[in-house]
Amino acid sequence: MKEITVKSSIDYKINIGTRIRFNIYEFIKEFNYNKIAVITDENVAKYYLEDVVNGLTPFIQVVTYNLPSGEKIKDISWFERLQQFLLNEQLDRHSAVIALGGGVVGDLSGFVASTYMRGIGFVQVPTTLLAHDSSIGGKVAINLGSIKNIIGHFYPPQAVIYDLDTLSTLSEQEFRSGLAEVIKHSLIGDAHLYEQLITKQELSVKDQSFEKILHRSIDVKRVIVEADELELGKRKFLNFGHTLGHAIESVYQSKNITHGEAVMVGILFDLFVSDLENGERQGMLSGGLITWLTNIGYKLALSEWRVNQLLQLMLKDKKNEKQLIALVLLRDYEQPYVKHFSPKEVKNLLEAFAKYMGQYSNVKYLV
Ligand SMILES: O=C(O)C(=O)C[C@@H](O)[C@H](O)[C@H](O)COP(=O)(O)O
């Protein structure tokens, strides 16, 4: 068992271990909730809902809600349905929502918990690798049409209970999705971890070393969140890869691309721009990362590089200022900064990036 405390507007513990989903009550009894709504999705429910509920019901009244799986539920209509559910089930200000699942369930449930009766208890029980990122730091949100996370705020959980056994049921695609955030954390905050990652031939949650990798990744996030909880400054660095990544996720949603796969392409783009800014055409991007990613199964190919559509979405990013698009770049490993570009500059950069990526025989970008 590992316990990491995050010090922010409220301090909370991230409890990491195995089989801890069976005794969640132990980690939350101090809050004296009178009722709990466990919100999950149909996929996660199949594997873990019973374990969680059985561990809670001897001590506390529990109601459950199974959402459909997928990003589509992060919208206002599901937000409303969940509010209605909490009201029908008579949860009050002494009750709590437990988000059991990945980033989508956590973001939506957290936003619901944060607004119901102006905020009730909220606990994150992540079941994906991606959620090692999304369950920490208190960002909760829903989408508005194709604009990601545009309605939301900061609402830290009162506890995070991370049972690593739940990662064993992830598909390879879900694993790669979460790994993108690990790679992001390593690039912005732990160069040794980055080095360790990209020299590995294979990576799996079953590896003994993986738990340590996860702790280090979480720690990069913890340090940044503690320094700037409300994203007034350095928390923007956690958005490395996300300005383009969020746009890709929206534009290519019908192609079954995950958040992390989209962010991975966004990370490559930010590295490409960083190298240009650093005046080293063959810098961080060419250091073996693309080959390694391809070898471990990332789909980096995007046919039809829809530059104008991507640009329109990037123009809606929350980090932008005065119609200038904010990109998080690296002066070097572990040295992130934010730079603003005009839409015309970003368009040129997107086109140049597509040409660059085309030189890798198995990565085809059609501009
Ligand atoms: O916690 C943060 O801060 C992040 O930026 C983490 C991101 O990996 C995460 O995807 C986040 O939800 C994106 O935030 P947003 O503010 O761009 O919606």
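Q90 is exposed, with 11 other C-beta atoms within 10 Å. The model in which this residue is described is a predicted one.

**Backbone outliers**

Q90 sits in the loop between α3 (76-88) and β5 (96-101). Although Q90 is not a glycine, its phi is positive, at about 60°. Most residues other than glycine have a negative phi. The helix that Q90 follows is α3. At 1.5 Å a residue, the 13 residues of α3 should span 18 Å, and the end C-alpha atoms of α3 are indeed 18 Å apart.

A second non-glycine residue with a positive phi is E334, where the angle is near 65°. E334 belongs to the loop between β10 (325-330) and β11 (336-341). What is the exposure class of E334? E334 is partly exposed, because 15 other C-beta atoms lie within 10 Å, and the partly exposed class falls between the limits of 12 or fewer for exposed and 20 or more for buried.

**Overall form and domains**

The protein contains 13 helices and 11 strands. Along its principal axes, the C-alpha trace spans about 60 × 45 × 35 Å. For 367 residues, a compact globule would have a radius of gyration near 21 Å, and the 20 Å of the protein agrees with this. Of the 367 residues, 46% count as buried. Among contacts with a separation of 6 or more, 73% are between residues 24 or more positions apart.

The domain assignment gives domain 1 (2-169) and domain 2 (172-358). Their C-alpha centres are 26 Å apart. In the interface, 23 residues of domain 1 are in contact with 25 residues of domain 2. On the side of domain 1 that touches domain 2, β1 (2-6), α5 and β8 each supply at least two residues. By class, that side of domain 1 has 10 nonpolar, nine polar and four charged residues.

**The ligand shell**

Where does the ligand shell lie with respect to the two domains? Domain 1 (2-169) and domain 2 (172-358) both give residues to the shell around the ligand, so it lies between them. The ligand is surrounded by 14 residues, of which G137, K139, N149, L238 and N239 are the closest. At least two residues of the shell come from each of α5 (131-134), β7 (139-144) and β8 (147-154). By class, the shell comprises two nonpolar, five polar and seven charged residues. Two of these elements recur at the domain interface: α5 and β8 each supply at least two residues of the side of domain 1 that touches domain 2.

**Helix α10 and its surroundings**

Helix α10 (residues 259-278) has 20 residues and reaches 28 Å from its first C-alpha to its last, close to the 28 Å expected at 1.5 Å a residue. Is α10 mostly covered or mostly open? The helix is mostly covered, with 17 of its 20 residues buried. After α10 comes G279, which has a positive phi near 75°.

L244, in helix α9 (residues 242-251), counts as buried because it has 28 C-beta neighbours inside 10 Å. Leaving aside neighbours within four places in sequence, L244 is in contact with V265, G266, F269, L310 and M314. L244 and M314 are 70 residues apart in sequence, and their C-alpha atoms are 6.4 Å apart in space.

F210 is found in helix α8 (residues 208-227). This residue is partly exposed, with 17 other C-beta atoms within 10 Å. Leaving aside neighbours within four places in sequence, F210 is in contact with S204 and V205. F210 and L197 are 13 residues apart in sequence and 10.0 Å apart in space, C-alpha to C-alpha.

**Exposure of individual residues**

The table gathers the burial counts of the four residues discussed above.

| Residue | Other C-beta atoms within 10 Å | Class |
|---|---|---|
| Q90 | 11 atoms | exposed |
| E334 | 15 atoms | partly exposed |
| F210 | 17 atoms | partly exposed |
| L244 | 28 atoms | buried |

How values were computed. Residues are numbered from 1 along each chain as its sequence is written. This is a predicted model: local features need pLDDT of at least 70, side-chain atom pairs count only at pLDDT 80 or more; totals for chains, interfaces and linings use all residues. A residue is near a molecule or strand if its C-beta atom, placed from the backbone, lies within 6 Å of it. Helices (H or I, at least four residues) and strands (E, at least two) are DSSP runs, numbered from the N terminus. Ala, Val, Leu, Ile, Met, Phe, Trp, Tyr, Cys and Pro count as nonpolar, Asp, Glu, Lys and Arg as charged, and the others, Gly among them, as polar. Domain bounds come from an automatic or database domain assignment. The expected span of a helix is 1.5 Å times one less than its number of residues. The radius of gyration is taken over C-alpha atoms; the globule rule is 2.2 Å times the number of residues to the power 0.38. Two residues are in contact if their C-beta atoms, placed from the backbone, lie within 7 Å.
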